[in-house]
Amino acid sequence: MKLKTILMAGAMSIAATGSWADCAFENDVPLKSLSAGFEAWKAVTDAMAECGNFSASLDQEFREKQPEAFAADPALYQIGGVSNATLVPLLNAGTIRPLDDLVEKYGQDLLPNQLIKVDGKTMAIAMMVNAQHLMYRDDVLAELGIEEPKTYGDVLSAAAKIKEAGVMDYPIGGTFKTGWNLGQEFVNMYLGEGGSFFGDGNMPAINNEQGVAALETLKAMTEYMDPEYLVSDSTYVQQQFQQGKIAMANLWASRAAAMNDEAESQVVGKVTMAAAPMGSAVPATTIWWDGIVLASNMSDEEADAAFRVALEGMDTDTVSANNDVAVWLSTAYSAGPLAAGAAASAEGGAKAYPASGPMGIMHTSLGNGLADYLTGAKDAQTTLADIEADYVTAAKEAGLISN
Amino acid sequence: MNFRTFAVFVGPSVFMMLLFIAFPLVSVFKQSFYVTQPIYETVEKETCTPGFLTQTCVTEQVSQPKLDEHGEIITQTHYVGLQSYRNVLEPERAWRAISDGSWHVLSTINFWKALRFTLTFTLITLPLVVGCGLGIAILINNAARSIRGPVIFVSLLPFIITPVIGVLSINWLFRGDGILTAMMEWWLNRDIALFAQAWTIEVLMMIYRVWHVAPFAAIIFYAGLQTVNQDSLESAVIDGATRWQRLKYIVIPHLMPLIIFVSMIHLMDSYRVFEEIVGFSSQGYVISLQWLTFDYLTPDQAGNRSISRASANSMLTMIGVVVLLILPLRRTWRDHKGSH
């Protein structure tokens with residue numbers, strides 16, 4: 001009996017001092033969230049946990065689990081973390097609820113561009129944007145008298161000069177890992193060339209001049225990249241930068257802070273964030289957002305609590321405490337030099353990632369099919385035709401193209 | 001043993017085998033002939049997403065699945081016959097490549113590319129595993145009794161390591177400026193990129209597999225070596241047989257059933273090669289049949305996955321294993337019949 005009292009007292013005091021110290025209210029509804037596991041989500045869910053009765057799953061496999069978990073009744077998670085692409089399956093299955101009434105009740109501090117609207121209804125609240133953009137070593141470029149690269153032509157000639165000067169063997173880094181990463185590189189380039197992915201009835205439309213141009217640029221870059229580029233993902237490129245092995249890369253804004261992390265980076269303060277290089281039409285990158293959704297399969301009281309907890313997670317305190325972790329959508333965010341690249345790309349007219357059901361299939365087909373061109377197994381036209389054929393097979397099987 | 005006791009002992013295991021092996025297999029077999037898909041409708045939708053400072057709204061035609069009154073996606077399942085197999089095998093393209101005599105084109109079609117690697121991998125590692133296993137077994141057998149325990153322990157170590165961890169450690173030793181690559185670069189004084197072309201990756205995979213599985217073969221052969229008839233060995237020594245002749249005429253024939261057993265296990269195992277592909281993230285250069293099934297099953301960001309093609313591909317993989325096993329099985333069957 002005595003032990004139990006002591007334990008209870010201990011638990012209460014921990015709860016009172018630590019747990020919901022910074023939360024505006026005390027949450028008494030048990031809540032769970034499922035989201036991706038990168039730095040910004042960690043900051044946001046930690047802040048949500050301060051309200052109590054909350055547990056977060058930060059899981060890189062979230063996109064496989066989320067649709068099923070939200071389809072359960074009651075839903076296994078009340079709060080979900082999504083991006084523009086992973087919102088699609090939830091939206092299609094109708095397992096997330098419109099948030100307009102809650103926004104009206106509690107969302108006075110939200111910026112208008114945080115509200116993700118589908119057909120006029122607010123379906124998600126965005127907390128940050130992310131984009132790949134050019135990062136370069138300003139010391140290396142300045143020493144050789146190279147100006148900030150504006151196009152991929154500039155990037156390639158800068159790379160040639162750096163290589164010639166013997167500063168680095170492989171001046172360019174790239175997230176060219178086969179699969180999702182490589183697919184994303186093509187999406188960036190192709191949109192930069194002004195291409196569009198689909199024709200009528202979800203039929204593919206990438207086998208064209210823009211497609212070939214995108215492929216040729218990708219291949220030209222590989223000449224200046226570490227030959228093992230097909231296994232190089234974001235973390236690998238980030239480390240190449242930190243170890244001073246590369247001078248330029250088109251890398252995610254969410255990785256920018258790592259360049260100035262004194263614990264692991266040898267190039268602190270030497271990396272400049274610039275706009276993504278221009279394609280023929282717009283900067284060759286896509287804008288992504290990350291944010292939260294609420295499950296429809298839960299009571300309105302739970303939704304009420306979940307929404308308030310979620311807002312606590314992305315409030316001004318969280319943002320100012322983690323300013324450099326992401327490009328936040330918040331009044332408290334002061335955009336520093338680390339966000340300059342993403343901002344400049346957006347100002348240059350970079351497109352939002354065109355998330356949709358067909359695009360999911362297209363991205364996979366691209367990710368699996370592009371390596372054959374880069375390794376020289378196929379020419380550009382054959383590669384694009386094969387990717388289209390692969391897409392059509394998968395889209396027919398998914399029911400998106402009628403037979 | 002009377003039937004009742006036999007049934008009580010075997011029943012649970014038969015039940016489990018039916019539940020976890022036979023029924024799923026039947027279900028996969030069935031799914032390879034059917035396609036289940038949502039019914040889509042095309043609607044015009046306005047979507048607003050955050051730009052950097054302002055909001056970007058686009059109105060476009062999108063396909064969205066129809067929902068029923070409970071809010072569930074309406075799906076339809078229909079019989080497609082061999083269509084999924086055709087989608088996996090791509091017979092027209094494959095046939096065109098073969099009739100053009102273009103091996104190169106054939107090896108860019110996913111299934112055939114995977115089959116090529118899977119077969120190469122299986123058939124090259126098989127003799128190496130048996131050979132190395134036998135070598136290690138003989139080494140242990142000839143080691144002095146006092147150090148035999150430690151020698152067995154050390155040679156078993158690679159088999160104890162979890163496959164994925166093993167593959168990853170090889171990956172990091174040789175990747176980019178991994179320790180071993182850096183050493184080789186220093187020694188040969190040239191830049192080495194082992195993950196930049198298919199053949200080096202394949203060689204690394206095979207070395208890893210042999211390193212990993214040979215201890216298993218060795219321990220089986222070592223057990224077999226304990227039962228070799230010492231009298232025949234001694235008489236062979238008296239007759240002046242060399243070490244090699246003793247091995248060839250007495251030991252190996254004696255171990256033959258075990259060699260076939262190890263070969264069969266290895267054939268089944270390595271035909272399902274998978275960890276190596278994921279661990280080396282070699283998809284750009286090399287894929288295997290099992291990996292292809294995995295890839296079909298992995299949902300993309302929008303949640304689509306190709307269940308039917310995955311089912312068809314796994315049925316094809318199973319057929320491949322059965323075909324490979326026919327030879328050793330026939331031999332065992334003959335020996336079995338001969339012994340009666």
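## Buried residues of helix α12

In this predicted model, helix α12 of chain A tucks away A:Ala303, A:Asp304, A:Ala305, A:Ala306 and A:Phe307, and further along A:Val309, A:Ala310, A:Leu311, A:Glu312 and A:Gly313 are buried too. Put as a tally, 10 of the 14 residues in α12(A) are buried, so call this helix mostly covered going by the cut-off of under 20% relative accessible area. Note that the buried set includes A:Asp304 and A:Glu312.

As for its geometry, α12 covers residues 300-313 of chain A. From first C-alpha to last it reaches 20 Å, close to the 20 Å you'd expect at 1.5 Å a residue.

## Where chains A and B meet

Chain A brings 59 residues to the contact, and chain B brings 55 residues. Together the two chains bury about 4600 Å², with carbon and sulfur atoms giving 52% of that area. Three residues to look up on the chain A side are A:Asn92, A:Glu228 and A:Glu397: they supply 15% of the area that chain A buries against chain B, more than any other three residues.

## Polar links across the interface

There are 4 salt bridges between chain A and chain B. One of the pairs to pull up on screen is A:Asp390 with B:Arg309, a salt bridge whose closest N and O atoms sit 3.9 Å apart. Polar contacts link 17 residue pairs between the two chains, counting pairs with both residues at pLDDT 80 or more.

Helix α17 of chain A (residues 380-398) gives the largest share of the side that touches chain B, with 7 residues. Sorted by class, that side of chain A has 31 nonpolar, 15 polar and 13 charged residues.

Technical notes. Residues numbered from 1 in each chain as written. Chains lettered and ligands numbered in written order. Predicted model: local features only at pLDDT ≥ 70, side-chain atom pairs only at ≥ 80, totals over all residues. Heavy atoms only, no water. Helix = DSSP H or I, 4+ residues; strand = E, 2+ residues; numbered from the N terminus. Expected span 1.5 Å × (residues − 1). Buried < 20%, exposed > 50% of the residue type's maximum accessible area, 1.4 Å probe, protein only. Contact = heavy atoms within 4.5 Å. Buried area = accessible area lost by both parts, 1.4 Å probe. Salt bridge = Lys/Arg side-chain N within 4 Å of Asp/Glu carboxyl O. Polar contact = N/O pair within 3.5 Å; in protein donor to acceptor, adjacent residues only side chain to side chain. Nonpolar A, V, L, I, M, F, W, Y, C, P; charged D, E, K, R; others polar.
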